Amino acid sequence: MKVKGVVTETDYKRLLDLVQSIKIEPGKEGYVRMLWHELKKYKLTPSSKVAPDVVTMNSQVLIRNLKNNEEMIVTLVYPQDASMTEKKISVIAPVGIALLGSKEKEVIECNGPSNAIRYEVVKIVYQPEKFGDLHL
């Protein structure tokens, strides 16, 4: 199996617990299963050793839609913290799954309502591990 990227051991454990305990809302089963399937592809690393250019949970990321060049800063969060108005993207949303473990300058792809959407990870604005915020 090809390695997708890097995920911290802490994020992996929390996401594994989430996948195993989440009460799946009708229509969301596919996304939870997709996250579960993707988690198997990551290389695990201690939080203290993750590179600063890797998207981890609670990272703020500047992304660019490659179709229209629109840029926005989003935060990758757990489902209970998701908010479209605050641009907090759930890790079980297609773009959230694609963001996890990606690196700066990488192009990611996720399924949109009618077709695949491609984004460039322009810059990681904030990564908790880089700033020692390991409790997030």
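In this predicted model, cysteine 110 has isoleucine 117 of strand E7 as its bridge partner. This pair belongs to a longer seam, for E6 and E7 run antiparallel and are joined by five bridges. Further along the seam, isoleucine 108 stands opposite tyrosine 119 in E7, and valine 107 has glutamate 120 of E7 as its bridge partner. The side chains of E6 follow an alternating pattern that is pleasant to trace by eye: Ile108 and Cys110 point to one face and are buried, whereas Val107, Glu109 and Asn111 point to the other face and are not buried.

Glutamate 120 also leads to another strand, E3. Arginine 64 stands opposite this glutamate of E7, and E3 and E7 are joined by six bridges in an antiparallel arrangement. Glutamate 120 can thus be found facing valine 107 and facing arginine 64.

Which strands make up the open sheet, and in what order? Five strands take part, in the order E5-E4-E3-E7-E6, and their pairing is mixed. The edges are occupied by strand E5 (residues 88-90) and E6; each has a single partner strand, so one side of each is left without a neighbour in the sheet. On average, neighbouring strands of this sheet are turned by 45° against each other, direction ignored.

It helps to place this sheet in the chain as a whole. The chain contains three helices and seven strands, and reading along the sequence gives the pattern β-α-α-β-β-β-β-α-β-β. Of the 136 residues in the chain, 41% are buried. Contacts also reach across the sequence: among those between residues at least 6 apart, 58% join residues at least 24 apart. The accessible surface of the chain comes to about 7,900 Å², and carbon and sulfur atoms account for 52% of this surface.

Attention can now turn to the interior. The largest nonpolar core has 28 residues, of which Leu15, Leu35, Val91, Leu99 and Leu100 touch the most other members. At least two residues of this core come from each of helix H1 (9-21), H2, strand E3 (60-65), strand E4 (71-77), helix H3 (94-99), strand E6 (107-111) and strand E7 (116-126). Which of these elements gives the most to the core? The answer is H3, with four residues.

Valine 91 is a good residue to follow in the structure. Leaving aside residues up to four places away in sequence, valine 91 touches Leu15, Leu18, Leu35, Met57, Leu76, Val77, Pro79, Gly96, Ile97 and Leu100. Ile97 also appears among the contacts of a charged residue, glutamate 38, which touches Lys4 and Ile97 when residues up to four places away are again not counted. Glutamate 38 lies in helix H2, which spans residues 29-39. Is this glutamate buried or exposed? Its relative accessibility is 13%, and because buried means under 20%, glutamate 38 counts as buried.

The stretch at and beyond the end of E7 completes the picture. The structure holds one aromatic pair. It is formed by tyrosine 126 and phenylalanine 131, whose rings are stacked, with 5.4 Å from centre to centre and 15° between the planes. How do the two partners stand with respect to burial? Tyrosine 126 has a relative accessible area of 19% and is therefore buried, while phenylalanine 131, at 51% relative accessibility, counts as exposed.

Glutamine 127 lies in the segment after E7. With a relative accessibility of 1%, glutamine 127 counts as buried. What does glutamine 127 touch, not counting residues up to four places away in sequence? Its contacts are Val50, Ala51, Pro52, Val54, Thr56 and Ser59. Aspartate 53 is 74 residues away from glutamine 127 along the chain, and the C-alpha atoms of these two residues are separated by 8.3 Å.

Conventions. Residues numbered from 1 in each chain as written. Predicted model: local features only at pLDDT ≥ 70, side-chain atom pairs only at ≥ 80, totals over all residues. Heavy atoms only, no water. Buried < 20%, exposed > 50% of the residue type's maximum accessible area, 1.4 Å probe, protein only. Contact = heavy atoms within 4.5 Å. Core = buried A, V, L, I, M, F, W, Y, C linked by side-chain atoms within 4.5 Å. Areas by Shrake-Rupley, 256 points an atom, 1.4 Å probe, with all protein chains shown as cover. Phe/Tyr/Trp six-rings, centres within 6.5 Å; stacked < 30°, edge-to-face > 60°. Pairing = 2+ DSSP bridges. Axes fitted to C-alpha atoms, helices over the stretch in contact; angles between N-to-C directions.
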